[in-house]
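Me: Could you take a close look at one part of this model for me? I'd like the strands and what sits around them, plus one helix residue to start with.

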Amino acid sequence: MTVKEAIRARSGSAYEVRGGDENRDEGEHTSPGTSAATPGTAPATVAAGRAAQELGLRRSEFELAVHLGLIAVTAGPGGGRPRVHEREIARLREDPGFPDGLAERVRTVGTAEGAALLGIVPARFTRLARAGCVSPVTFYLNRYRAVVWLYLADELASFGVREPELLAGRTPPGMRTMLESGGDRRARNWRNQRIDRLLKRTTDPWARAAVEASALDSAHLAEVVEDPYERAYLARVRPEPVFGRPGSVAARETMGELMLADDPDEILWRRINLTLGLDLAREERPAPHPGDDPGARMTPAPDSTSRMAPPQAPPVTETAPPLVFSAGETSSGLREPCGKRLLARLGWRRRSDG
């Protein structure tokens, strides 16, 4: 079923995402015409460009598939550029929907094409995106250096099936009020999804805390993490996307700005997540300080490019949860250490507007 067919059939059965089960054990398959690697030998791998070619994907589509967790990669020898196991390529090629299924799952559209897929005008699509009904998965800068958001076509089709009443008729009052006040949740939704996917790539508590810290500016970060050596360690172990940040200076600067939380409730929620994450990280091991024995105080973070199944990350929601907890307990069910109140430990100081 294509995306357009799913939109036309939204009044019928629920939309089903095509493609193979991305959680299948990648070691169950070998590349066509080859045998499984013998015990004690490293499995054969290919460069990312070669893997994209064999999977029928453009390079940008391949990188997005890795970001979404659809394709598992491994670090190259000596920490070089990511590579793909041949058995992973074989697994994807053996999927019944290959190659169209995989390509469709990473197909992105802008506002005009997204509106056409949903059968609405671009202005209404923009309002739905600003209200947070659909979330962008990536962006690019146009020639005027303005951010152009891109959306997964599959997710738009699923939204059209799930919420057909939002595609026609009057905008709900709450959404209309939010939009009239200038609200725009596109950057926040992109940020939430990006953070969530980075958290899934590592089980190291310091790396996970570093991901949460990446959404806070230097002032907020210093209030939550008072130790400068801990802040330096967070910056050092912070996982990055498998293929790094955009190459152009303008795109890197824009991403740096988009990564920072800008709403008071989102900032507070990130501070809470960071505080809880630091508690877990400090219990695991302290951050290294000058003069420490590296072997005793510092354990290398796990490879962030390999797909793994970490524990469930702290919830990342589109709206900050109500800060109503039972005594001594946080929203994630963790007890506050030494009976300290969480908000007091956050060092939260409300700033005047402007």
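Reply: Sure, let's start with the helix residue. The side chain of Thr 275 comes to 2.8 Å from the backbone oxygen of Arg 271, and keep in mind that this is a predicted model. Thr 275 belongs to helix H15, which covers residues 264-284. Its relative accessible area is 4%, so Thr 275 counts as buried, the cut-off being under 20%.

Now for the strands. E3, residues 80-85, is a good one to follow, as it pairs with E1 and also with E2. With E1 (residues 45-47), the pairing is antiparallel and runs over 3 bridges. If you want a spot to click on there, try Val 46, which stands opposite Val 84 in E3. With E2, the pairing is again in the antiparallel sense, this time over 2 bridges. Here you can pick out Gly 76, whose bridge partner in E3 is Gly 80.

Just ahead of E2 there's one more residue to look at. Val 73 lies in the loop that links helix H3 (59-67) to strand E2 (74-76). Is Val 73 buried or exposed? At 4% relative accessibility it falls under the 20% limit, so Val 73 is buried, even though a loop is where you find it. For a distance to check in your viewer, take Val 73 and Ala 48: they are 25 residues apart along the chain, and their C-alpha atoms are separated by 8.5 Å.

Key. Residues are numbered from 1 along each chain as its sequence is written. This is a predicted model: local features need pLDDT of at least 70, side-chain atom pairs count only at pLDDT 80 or more; totals for chains, interfaces and linings use all residues. Side-chain values use heavy atoms; hydrogens and water are left out. Buried means under 20% relative accessible area, exposed over 50%, partly exposed in between (1.4 Å probe, protein chains only). A polar contact is a pair of N or O atoms within 3.5 Å; within protein, one must be able to donate a hydrogen and the other to accept it, and residues adjacent in sequence count only if both atoms are side-chain atoms. Two strands pair if DSSP finds at least two bridges between them.
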